[in-house]
There are 2 protein chains.
Amino acid sequence: MRLEDEIKQSHFKSEHHKLMINLLFTTSWLQRMQSSFLRPHDITIEQYNILRILRGAKGEKLSLNDVSSRMIDRASNTSRLIDKLVNKKWVIRNICPNDRRQSELLITDKGLEILSNLQGPIDEIIEQFSFISVSDTKKFNQVLDEIRNINNPS
Amino acid sequence: MRLEDEIKQSHFKSEHHKLMINLLFTTSWLQRMQSSFLRPHDITIEQYNILRILRGAKGEKLSLNDVSSRMIDRASNTSRLIDKLVNKKWVIRNICPNDRRQSELLITDKGLEILSNLQGPIDEIIEQFSFISVSDTKKFNQVLDEIRNINNPS
DNA sequence: CAACATTAATTGTATCAACATATATTTGTG
DNA sequence: CACAAATATATGTTGATACAATTAATGTTG
């Protein structure tokens, strides 16, 4: 459905204005969709994201800071999110012997298993993007990268 | 900066996978940017959004349901958000005489004033999109509209 | 028109997040 | 080496959000 119809707004000030709203609206929609996939597995998007980051480390231990800096939503409370993953035995947290301020975080086999169970459903969502040509997708990715070059005002 | 560098992920399974992460990441970034603009004015993005919806009604009274269905984040608690706007005297809420279950919501002059004060800063953010050609912008908007055609699984 | 279903909005509750602050550890400097 | 600054993480508090349950009003149907 056209954005105009979805949010019942008859026109936008400009295509650029529409793009802003459309990004917010569509991404929120994608997030809800992912959430609804993940909920039955007792995991939130951000927890899933952290597990993927730890898997990406391929056995290397990451600090909490490493994880935070790789997160999609720059997390203010990564600490408590990790707590939950540790409780579920999906992540191991040890104190780093070289710098006792740091954590050493490692995904467990059980965590890896959860991830591989979720791979299918998540890939399914992304397969729905396949109507977008690869060259358009690349272009879109470049534009999104450029958008983030805007200087942060604060 | 390239997404790969921002979230320190060396490669993605496909351009489509990257697009998904990039949409989540960039939109989250845009939201934070808008928040930081709005915070000094004591208004949140969703409150701002509701005011715009009510302004868009051009004097017509909307029900709470009307507002919800036009919102970007389909809000589970529009009711309490409206409470806050009513407390700030930016919105008037009356009981609809024809159907006493419904509210009649109307933006006040003070609410309109707030909106016009915020127009400038928000437009500034969107002006940063001007590097994207209008035809590309249209294409992206179409792509985003199509993405939402994916059937919702739940 | 009485009983039930539906609709609109509100409220309860538990979880989650942002922001500021605190604690513990390490680093740098005179 | 003492002491301030910087760093890594954790926590307190306040406010937002999701989901379910509730209340109140209206529609529907035998």
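Let me start with the strand pair of chain B. In this predicted model, strand 1 of chain B, residues 91–95, pairs with strand 2 of chain B in the antiparallel sense, over 5 bridges. One of the bridge partners can be named: B:Val91 is matched with B:Ile107 in strand 2.

Strand 2 of chain B covers residues 103–107, and its side chains alternate. B:Ser103, B:Leu105 and B:Ile107 point to one face and are buried. B:Glu104 and B:Leu106 point to the other face and are not buried. This follows a general pattern, since in a regular strand the side chains alternate between the two faces of the sheet. B:Ile107, the partner of B:Val91, thus belongs to the buried set.

I turn now to the contact between the two protein chains. Here 53 residues of chain B are in contact with 52 residues of chain A. On the chain B side, the elements that give two or more residues are helix 2 (15–38), helix 4 (64–70) and helix 7 (134–147). Which of these helices gives the most? It is helix 2 of chain B, with 20 residues. By class, the chain B side divides into 25 nonpolar, 17 polar and 11 charged residues.

Helix 2 appears again in the largest nonpolar core, which has 23 residues. Helix 2 and helix 7 of chain A, together with helix 2 and helix 7 of chain B, each supply at least two residues of this core. The members that touch the most other members are A:Leu19, A:Met20, A:Ile21 and A:Leu23 from chain A, and B:Leu19, B:Met20 and B:Leu23 from chain B. Let me take B:Leu23 as an example. Leaving aside residues up to four places away in sequence, B:Leu23 touches A:Thr27, A:Leu30 and A:Leu144.

Next, the loop after helix 2. A:Asp42 lies in the loop between helix 2 (15–38) and helix 3 (45–56) of chain A. Its phi is near 60°, a positive value in a residue other than glycine. Is A:Asp42 buried or exposed? A:Asp42 counts as exposed, because it has 9 C-beta neighbours inside 10 Å, and the cut-off for exposed is 12 or fewer. In chain B, B:Asp42 sits in the loop between helix 2 and helix 3 (45–56). B:Asp42 has a positive phi of about 60° although it is not a glycine, and with 9 C-beta neighbours inside 10 Å it counts as exposed.

On the domain level, the assignment for chain A gives domain 1 (1–40) and domain 2 (42–118). The C-alpha centres of these two domains lie 30 Å apart. Their contact takes 4 residues from domain 1 and 5 residues from domain 2. The domain 1 side divides into 1 nonpolar, 3 polar and no charged residues.

I close with the nucleic acid. How many residues surround DNA strand D? There are 19, and the closest are A:Ser63, A:Asn65, A:Ser79, B:Ser76 and B:Arg100. The elements that give two or more residues to this surface are helix 4 (64–70) and helix 5 (78–87) of chain A. Helix 5 of chain A supplies the largest share, 3 residues. By class, the surface near DNA strand D has 3 nonpolar, 9 polar and 7 charged residues.

Note on methods
Residues are numbered from 1 along each chain as its sequence is written. Chains are lettered from A and ligands numbered from 1 in the order in which they are written. This is a predicted model: local features need pLDDT of at least 70, side-chain atom pairs count only at pLDDT 80 or more; totals for chains, interfaces and linings use all residues. Two residues are in contact if their C-beta atoms, placed from the backbone, lie within 7 Å. Helices (H or I, at least four residues) and strands (E, at least two) are DSSP runs, numbered from the N terminus. Ala, Val, Leu, Ile, Met, Phe, Trp, Tyr, Cys and Pro count as nonpolar, Asp, Glu, Lys and Arg as charged, and the others, Gly among them, as polar. A residue is buried if 20 or more other C-beta atoms lie within 10 Å of its own, exposed if 12 or fewer, and partly exposed in between; C-beta atoms are placed from the backbone. Two strands pair if DSSP finds at least two bridges between them. A residue is near a molecule or strand if its C-beta atom, placed from the backbone, lies within 6 Å of it. Domain bounds come from an automatic or database domain assignment. A nonpolar core is a set of buried Ala, Val, Leu, Ile, Met, Phe, Trp, Tyr and Cys residues joined through C-beta atoms within 7 Å.
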